[in-house]
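Welcome! Here is a short tour for anyone opening this structure for the first time. Take a look at it below, and then we will walk through a few spots together.

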Amino acid sequence: MPKNSKVTQREQSHEHVTESVADLLAHEEPLDYKNSSLNVGGAAGKKVPQIEVPENDGRPAWNSKLQYILAQVGFSVGLGNVWRFPYLCQKNGGGAYLVPYFILLIIIGIPLFFLELAVGQKIRRGSIGVWNYVCPRLGGIGMSSLMVCGFVGLYYNVIIGWSIFYFFQSFQYPLPWSDCPIRKNGTLAIVEPECDKSSATTYFWYRQTLNTTSTIAESGGLNVKMTLSLLVAWIIVCLAVIKGIASSGKVMYFSSLFPYVVLFCFLVRGLMLKGSVDGIAHMFTPKLEKMLEPQVWREAATQVFFALGLGFGGVIAFSSYNKIDNNCHFDAVLVSFINFFTSILATLVVFAVLGFKANIMNEKCLFFFLIVQVRGSIHDLIPPHVNFSHLTTSDYAEMYGVIKTVKEDGFAQLGLEPCVLVDELNKAVQGTGLAFIAFTEAMTHFPASPFWSVMFFFMLINLGLGSMIGTMTGITTPVLDAYKVQKELFTVCCCIVAFFCGLLFVQRSGNYFVTMFDDYSAGLPLTVVVILENVSVAWIYGTKRFMQDLEDMLGFRPCIIYFYLWKYVSPLCLIVLISATVIEMAISPPGYNAWVQELAQERFQSYPPWALAMCFALIIVAMLPLPVVFIARHFNLMSDGSNKLSVSYRKTMMKDMSNLEEQDEARFILGAKPGEAPIAPARRPYLTPGGNKPMDPNSLSPNSCYGTSYQNAAISPTTPSTPDTPVTPESDS
């Protein structure tokens with residue numbers, strides 16, 4: 001114990017001594033409250049040293065800043081950047097879509113991403129611990145995040161399993177999806193009818209990979225190949241996260257950087273292909289009238305929301321392993337823009353390849369036209385100026401129109417296709433259709449196609465692995481923070497349970513359940529979670545208090561625009577997004593696209609009653625912790641979670657409420673006489689954005705939602721503290 005500490009001085013003077021609450025909690029020497037960076041009693045404007053986390057804190061830490069940034073990038077940059085952003089860009093006005101996306105990234109994405117990074121770094125806990133600390137009554141936020149992470153992890157790893165299957169199938173020449181299989185019928189050899197009606201890549205996906213049934217009601221039993229692929233995927237994820245950030249951090253060096261190597265290689269190779277420039281030009285030709293449609297803004301907001309991984313808990317979990325003085329504002333801006341530019345890079349690659357594919361399809365149309373022309377059935381209709389040795393798409397379009405007009409009823413028998421390049425490019429699809437059908441078909445025309453196929457699916461595996469590491473961290477970190485369980489054993493158990501639950505998705509009808517979980521398990525629940533995160537920090541904890549915490553933590557006050565974004569703009573935008581999502585779900589018939597074997601094409605089908613009930617059950621289960629925890633803690637039926645916090649965490653929270661001046665310390669902790677109530681010390685004024693209007697110190701009442709049990713412990717040494725004391729929000733007005 002320091003020789004000059006007040007407790008030591010009083011011991012030497014033989015005065016009665018009562019230990020401070022901090023000493024009782026930490027069981028070690030009193031903390032230097034005056035020099036704490038979270039001291040809210042210091043003079044305004046005075047630069048305060050930052051908190052140094054004790055070496056015996058026991059919490060793991062990132063080996064380097066680069067490792068942490070790569071982890072956040074790996075989590076936020078996922079499969080959606082490759083197969084959803086390009087589709088939304090093509091669907092919603094090409095280059096014009098980038099304008100609403102960028103605007104919403106600035107006013108929603110970066111502020112909320114910054115908020116999650118900051119609360120995780122300050123409180124140094126996972127999602128459950130963070131929201132128990134900010135407002136115990138809204139502690140269900142962390143539990144809902146954990147539930148959503150569980151649902152998403154179940155089906156997301158199935159997609160990684162599909163990629164693993166295609167990865168190993170790519171080590172063949174020619175690629176197994178290059179041509180339709182041949183069926184022998186006696187002495188005749190005919191092309192598989194289902195493949196002939198669709199395409200070789202489509203047939204390989206639906207029949208040889210998934211072997212899918214025609215409806216969700218037909219289970220069809222387990223698909224052995226997909227089951228083994230899913231097992232391999234969970235083994236890889238388990239090995240990556242079994243040691244926490246000690247193992248996942250090292251994996252991120254490769255899984256986060258390798259996809260960029262592949263994307264740049266594909267971009268260079270794609271630009272060398274015939275027709276790639278047409279695809280990129282089509283992609284970025286702006287359709288400005290689309291910007292006036294509300295649907296475009298809604299989809300842009302949704303994409304911003306999910307691209308950054310908001311609400312999953314992975315962002316908070318990763319940042320909780322940072323040093324307390326890390327510049328999380330810089331991290332938020334950097335990761336957000338890396339995510340944005342990755343989406344643009346992926347869009348360039350996708351449409352360069354799709355432009356090449358569209359050009360190939362046009363050439364097939366022209367070749368078929370030449371065959372029909374040679375037969376003589378339309379020879380007399382060909383204009384004399386047409387040169388068949390250099391037949392262009394414009395020439396073909398002219399002849400197609402003439403022949404269609406002249407032939408009329410007999411035109412359909414010719415089998416001619418319009419072969420319009422724009423129409424081919426407008427057929428761009430999203431999700432699995434893009435990755436496993438359209439892109440794979442284009443790669444069959446590449447020189448050295450197996451090499452490019454191996455690279456592409458290895459990239460998908462790494463993109464998915466980065467996101468899965470963040471998702472699993474969002475599950476394991478909150479639980480490990482609250483309960484003393486062995487990290488390795490808990491991680492292995494989670495992966496085993498998840499694998500057996502994931503067998504639902506590797507039935508022959510499993511693809512339809514993947515679609516169901518993707519549509520219903522995350523969208524609405526995550527939006528509700530994020531708006532409650534925003535409200536709990538900006539309106540309950542208090543925007544002014546949060547800005548002051550950031551100044552103490554970072555050493556500078558963030559730009560004043562964040563005050564207004566957190567308090568007004570982001571909540572309003574999120575409310576509009578929730579409303580639009582609910583309306584969209586109400587007007588859109590719930591259903592899925594089923595592969596009908598007889599027709600060899602997809603057909604929309606409505607969910608049967610039991611599947612519809614399952615859809616709404618996913619939403620209810622994910623959001624159920626929110627009202628349950630609120631009601632339980634409102635009526636003191638559940639602890640606020642503080643009894644499960646480590647000693648170092650309690651000590652950090654004590655620093656946050658400590659504001660002792662030297663002359664007031666004895667009176668505050670001990671009282672002038674035994675039994676005398678302590679005099680509350682003056683608190684550091686929380687300033688308004690202008691910095692000139694102090695917040696009313698009376699707003700920090702015993703019912704404050706912030707630091708419940710610890711404030712009560714400091715109010716009176718004669719009154720026992722209880723972690724279940726009800727709380728009320730700080731007034732920010």
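Is Asp549 buried or exposed? With a relative accessible area of 2%, Asp549 counts as buried, since the cut-off for that label is under 20%. Please keep in mind that this is a predicted model.

**Salt bridges**

- The structure holds 7 salt bridges, and three of them are introduced here.
- Asp549 has a partner: its side chain meets that of Lys122 in a salt bridge, with 3.9 Å from N to O.
- This pair links distant parts of the chain, as Lys122 sits in helix H6 (residues 98-123) and Asp549 in helix H24, 427 residues apart.
- Lys122 is buried too, at 6% relative accessible area.
- Another salt bridge joins Glu488 and Lys243, whose closest N and O atoms are 3.5 Å apart.
- Glu488 belongs to helix H22 (residues 487-501) and Lys243 to the loop between H11 and helix H12 (245-255), so this pair ties together parts that are 245 residues apart in sequence.
- Glu488 is partly exposed at 24% relative accessibility, and Lys243 is partly exposed at 44%.
- Arg557 and Glu551 also meet through their side chains, at 3.0 Å from N to O; Arg557 is partly exposed at 27%, and Glu551 is partly exposed at 23%.

**A site listed in UniProt**

- An unreviewed UniProt entry lists Gly74, Val77, Asn81, Asn339, Leu463 and Ser467 under "binding site".
- These residues span 394 residues in sequence, yet no two of their C-alpha atoms are more than 12.8 Å apart, so they gather at one spot.
- Asn81, found in helix H4 (residues 79-83), is buried at 3% relative accessibility.
- Beyond its neighbours within four places in sequence, Asn81 is in contact with Ser76, Pro86, Asn339, Ser343 and Ala346.

**Helix H27 and its cover**

- In helix H27 (residues 625-634), the buried residues are Pro625, Leu626, Val629, Ala632 and Arg633.
- Viewed down the axis of H27, they fall within an arc of 145 degrees, so they line one face of the helix.
- Their cover includes helix H7 (127-134), helix H8 (140-169), helix H24 (523-554) and helix H26 (609-623).
- Just after H27, Asn636 takes a positive phi of about 55 degrees.

**A nonpolar patch on the surface**

- Val224, Leu228, Leu231, Ile235 and Leu239 form a nonpolar surface patch, together offering about 480 Å² of accessible area.
- Ile235, part of helix H11 (residues 224-241), is partly exposed at 44% relative accessibility.

Technical notes: Residues are numbered from 1 along each chain as its sequence is written. This is a predicted model: local features need pLDDT of at least 70, side-chain atom pairs count only at pLDDT 80 or more; totals for chains, interfaces and linings use all residues. Side-chain values use heavy atoms; hydrogens and water are left out. Buried means under 20% relative accessible area, exposed over 50%, partly exposed in between (1.4 Å probe, protein chains only). Helices (H or I, at least four residues) and strands (E, at least two) are DSSP runs, numbered from the N terminus. The arc is that of the directions from the helix axis to the C-beta atoms. Contact means heavy atoms within 4.5 Å. Patches are made of residues with over 30% relative accessible area and no salt bridge: like charges are joined within 9 Å, nonpolar side chains (Val, Leu, Ile, Met, Phe, Trp, Tyr) within 5 Å. Accessible areas come from the Shrake-Rupley method with a 1.4 Å probe; for residues, only the protein chains shown count as cover. A salt bridge is a side-chain nitrogen of Lys or Arg within 4 Å of a carboxyl oxygen of Asp or Glu. UniProt positions are given in the numbering used here, feature names are shortened, and annotations may be inferred rather than shown by experiment.
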